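Visitor: I should be grateful for a close look at a single part of this structure, namely the paired charged side chains. Please describe the part itself and then place it beside the other features of the model.

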Amino acid sequence: MIDAGVLRAEWTKFSSIRATMVLSLATVAVAGTFGWLFSSAAANQYASATPQERLDFQPLDMGMRGLFIMQLLIAALGVLVASSEYGSGTMRASVAAVGRRGRLVAAKAGLTALTALPVSVAGIWLMYVASQTTLATGGAPYTMPGDPAALRMLLLGPLVFTLLALFGLALGFLLRGTAAAVNVSTAFLLLPILATASPGPVRHFISTYWPNMAAFQTVSGTSELPAWAGSGILVGFVAVMLITAFVQFNNSDA
């Protein structure tokens, strides 16, 4: 149960830190920019593509490739919710004010979800509009909002990104530093891309079962796993990370 007073105090801290507000706005701006950039390149490729390449053209996938960049920013936003207090030296005062560490962790998790969700909705929807509009303007195929794949992306994508922000929050508690937590989250989230050069079995395992990839493939409808399993991997992983972060936070000095 999240204490409303503690949650309000967390919002006051969040909104008073320039980095968190700038990062929230930057996430949305970057999403729109990459939606336009990737779809512009895709439209140019489509113009000179062979008939078979045009048949294989996937407008939603081509226009939403910037999600792999956006996930890094939303995870960093979660990191800052915890690490900014370690950096400023106010974590001990926050623990003393709240009394129970579990209430503080719950409030920070609630704040992370409540801020990451609208940022994710704005970013993903802006990327979708920018990318599909650019494809249509460039004479390439595009996906309408009523398409089942587009609906899954627009409705479920923000939930996946909110979970990634909670993953960043857990790293912020565990590593107690912004740079270390952001570096670890970036390496973890980009590993599936880097693993494309690995041997086949390793590449298949990572592309299927790595938490963020399992969720992305479920949302895009390309996962070989049942929908509950693909999304459940990320949910379970984030839950384990948050529990681990709480246990460490509860048993160590603030």
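Guide: In this predicted model, Lys13 forms a salt bridge with Glu85, and the closest N and O atoms of the two are 2.7 Å apart. This pair links distant parts of the chain, since Lys13 belongs to helix H1 and Glu85 to helix H5, with their positions 72 residues apart in the numbering. The two partners differ in their cover: Glu85 has a relative accessible area of 3% and is therefore buried, the limit for that class being under 20%. Lys13, at 24% relative accessibility, counts as partly exposed because 24% lies between the 20% and 50% limits.

Lys13 has a second partner. A salt bridge also joins Lys13 to Glu10, again with 2.7 Å between the closest N and O atoms. Here both residues lie in helix H1, which covers residues 4–16, and they are three residues apart, about one turn of the helix. Glu10 is buried, with 3% relative accessible area.

Glu10 in turn pairs with Lys108, where the closest N and O atoms are likewise 2.7 Å apart. That contact joins distant parts of the chain, from Glu10 in helix H1 to Lys108 in helix H7, 98 residues apart. Lys108 has a relative accessible area of 1%, so it is buried. Side chains of opposite charge can pair when their charged atoms come close.

Taken together, salt bridges with shared partners join Glu10, Lys13, Glu85 and Lys108 into one network. The structure holds four salt bridges in total.

Helix H7 also takes part in a surface feature. Leu117, Val121, Trp125, Leu151, Leu155, Leu156 and Leu159 form a nonpolar patch with about 590 Å² of accessible area together. Helix H7, residues 101–137, and helix H8 each supply at least two residues of this patch, and the largest share, four residues, comes from H8. Leu151 is one of the patch residues in helix H8; its relative accessibility is 38%, which means that it counts as partly exposed. Leu159 is also placed in helix H8 and is partly exposed, at 46% relative accessible area. The C-alpha atoms of Leu159 and Leu117 are separated by 6.8 Å, although the two residues are 42 apart along the chain.

Helices H5 and H8 appear again around the largest pocket, which contains about 320 Å³ of space. Its lining has 16 residues, and the closest to the centre are Asp61, Phe68, Met153, Phe216 and Ser220. Two or more lining residues come from each of helix H4 (59–63), helix H5 (67–88), helix H8 (148–175) and helix H11 (211–220). H11 gives the most, with five residues. By class, the lining comprises ten nonpolar, four polar and two charged residues.

To return to the part requested, the network consists of Glu10, Lys13, Glu85 and Lys108. Its contacts include one within helix H1, between Lys13 and Glu10, one from helix H1 to helix H5, and one from helix H1 to helix H7.

Conventions. Residues numbered from 1 in each chain as written. Predicted model: local features only at pLDDT ≥ 70, side-chain atom pairs only at ≥ 80, totals over all residues. Heavy atoms only, no water. 1 Å grid on protein atoms, 1.4 Å probe; cavity = no way out; pocket = protein on both sides within 12 Å on 5 of 7 lines; lining within 4 Å. Points joined across faces, edges and corners; volume = space filled by probe spheres on them. Nonpolar A, V, L, I, M, F, W, Y, C, P; charged D, E, K, R; others polar. Patch = residues over 30% accessible without salt bridge, like charges linked within 9 Å, V, L, I, M, F, W, Y side chains within 5 Å. Areas by Shrake-Rupley, 256 points an atom, 1.4 Å probe, with all protein chains shown as cover. Salt bridge = Lys/Arg side-chain N within 4 Å of Asp/Glu carboxyl O. Buried < 20%, exposed > 50% of the residue type's maximum accessible area, 1.4 Å probe, protein only.
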